[in-house]
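Please open the model in a viewer and keep the sequence panel beside it. The tour proceeds by selection, with a short account of what is found at each stop.

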Amino acid sequence: MTMLPLDGLRVLDLSQIMAGPYCTMVLGDLGAEVIKVEKLNGGDDSRQMGPYVDGESTCFMQINRNKKSIGLNLKSDEGRGLFHDLARRADIIVENFRPGVTASLGVGFEDIRALNPGIIYCSISGFGQTGPYSQKGGFDLVAQGMTGLMSMTGEPDRRPVKTGIAVYDIGAGMTAVYSILAAVIHRQRSGEGQHIDVAVAECGLPWFTWEAAAYFAEGTVPERTGWRHRVSAPYQALRTADGYLMLGCANQRTWERFCREVVEHPEWETDPRFVTNQDRGRNVEALEALIEAVLETHDTAYWLERCDAAGVPAGPINRFDQALADPHYQARGMVQSFEHPVAGTVNTLGFPSKFSATPPSIRAAAPTLGQHTEAVLGELGLDADRLAALRESGAIA
């Protein structure tokens, strides 16, 4: 069996819903052993999110593959003691409680560092562990509004619009992944563990690179531009005879190819309104009207074929089902499946990184609640009688 990049790393996953579980799923996909520590009453809250197959949440299944599940009552002395025993053998802990909660349970960073000085402990929260908002609950939608993202998304003079997916929850998970891996490298060099503080409400701010460039240089505040790009044109959605396509003339060369080889209007190149990208941006309304008058004479497939032949970046605006059925994504393995012990065959999304030597893999389905409690705790030397007693006392499930 192929060695995976993170083979040998053990992760204790105290997180739930999306940001933390996304992080630990990626770590698991890359080979880490991920032990999901769930509360006894219902486990991860996403288990209560439909749709369901045979009583099992498909939302939970999509973000918790390659993990083991144990049910542990961290409010009990015995449950806390078992977690401490597991933490002594762990490399990484990921949690997304509100700041202070893990410390109140006796499983915070300082508690664990006293037992395992090399622990890499990642806390994901709405606003971070410090600052005036640290005790506020923070969710993806709140972050989208607070960071300015929604002020840039949607059409001018209309209601602000959120993104189609929970971009900041996933962004926090991604931020946690690369931060944890950097901390692993640091520990390999120094033997030192550390605490990583990731905030949902700030993880996306560094993504606003062009917006920051304009603001810091000129004080320009980005506005909503709808289907158009803020700077480049034509770099936007455009109407065809049967729908829309996305056209990406981000530089002068592709604009010239588009004019000559796609729409066959070379005169647009010398039109004073459209000579440079800046000119086209200033006159985007007139430019869009001219282009759409031509594109509306044929369907999307026709224009995409011409764009491809001319080397002009363009693509369809797919529904989600169309995207998943696209032969390119199919060929790239972006739809995978696993066998779930209750739900049977479950389709899931694939891996965005393609490794030549150590490709990620789905080695286990998303677990049922407490599916691995006995196996994981058995590694601590607990026999069947002791496990039965712990279950009877309400320490484990």
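**First stop: an open three-stranded sheet**

Select the three strands of an open sheet, which follow the order S9-S10-S11 with antiparallel pairing. Strand S9 (235-239) and strand S11 (314-316) are the edge strands; each has a single partner strand, so one side of each has no neighbour in the sheet. Neighbouring strands here are turned by 25 degrees against each other on average, direction ignored. Strands, as runs of E of at least two residues, and helices, as runs of H or I of at least four, are taken from DSSP and numbered from the N terminus. Two strands count as paired if DSSP finds at least two bridges between them.

The model is predicted: local features require pLDDT of at least 70 and side-chain atom pairs pLDDT 80 or more, whereas totals for chains, interfaces and linings use all residues. Residues are numbered from 1 along each chain as its sequence is written, and side-chain values use heavy atoms, with hydrogens and water left out.

Now restrict the selection to S9 and strand S10 (residues 244-248), which are joined in the antiparallel sense over five bridges. Leu-238 has Leu-245 in S10 as its bridge partner. Add helix H14 (residues 300-310), which lies across S10 and S11 and runs at about 20 degrees to S10. Such angles run from 0 to 180 degrees between N-to-C directions, the axes being lines fitted to C-alpha atoms, for helices over the stretch in contact.

**Second stop: the cysteines**

Select Cys-249, Cys-259 and Cys-307. How many disulfides does the structure hold? It holds zero, a disulfide being a pair of cysteine sulfur atoms within 2.5 Å. For Cys-249 the closest cysteine sulfur is in Cys-259, at 7.4 Å, which is too far for a bond. Cys-307 is likewise in no disulfide, and its nearest cysteine sulfur, that of Cys-249, is 7.4 Å away. Cys-249 is buried at 0% relative accessibility, and Cys-307 is buried with a relative accessible area of 2%. Buried means under 20% relative accessible area, exposed over 50%, and partly exposed in between (1.4 Å probe, protein chains only).

**Third stop: strand S6 and its partners**

Move to strand S6 (residues 92-95). Ile-92 and Val-94 on one side are buried, as are Ile-93 and Glu-95 on the other, and both faces of the strand are thus covered. In a regular strand the side chains alternate between the two faces of the sheet.

Show strand S1 (residues 10-13), which pairs with S6 in the parallel sense over three bridges; Leu-12 is matched with Ile-93 in S6. Strand S7 (residues 120-125) is also parallel to S6, over four bridges, and Glu-95 has Ser-123 in S7 as its bridge partner.

Within S1, select Arg-10. Is Arg-10 buried or exposed? Arg-10 is buried, at 10% relative accessibility. Beyond its neighbours within four places in sequence, its contacts (heavy atoms within 4.5 Å) include Glu-33, Asp-91, Ile-92 and Glu-379.

**Fourth stop: the nonpolar cores**

The largest nonpolar core has 32 residues, and Leu-27, Ile-92, Val-94, Cys-122, Ile-124 and Ile-180 have the most contacts inside it. Such a core is a set of buried Ala, Val, Leu, Ile, Met, Phe, Trp, Tyr and Cys residues joined through side-chain atoms within 4.5 Å. Among the elements that each supply at least two of its residues are helix H1 (19-29), S6, S7 and helix H8 (167-190). H8 gives the largest share, seven residues.

Centre on Leu-27: outside its neighbours within four places in sequence, Leu-27 is in contact with Leu-6, Val-11, Ala-32, Val-177, Ile-180 and Leu-181. A second, separate core of 27 residues includes Leu-82, Ile-93, Leu-377 and Ala-395.

**Last stop: a hairpin and the whole model**

Select strand S12 (residues 335-340) and strand S13 (residues 344-349), which run antiparallel and are joined by six bridges. Gln-336 is partnered by Thr-348 in S13, and a hairpin of three residues connects S12 to S13.

Finally, zoom out to the protein, with its 18 helices and 13 strands. Its C-alpha atoms fill a box of roughly 85 × 45 × 40 Å, taken along the principal axes, and 45% of its 397 residues count as buried.
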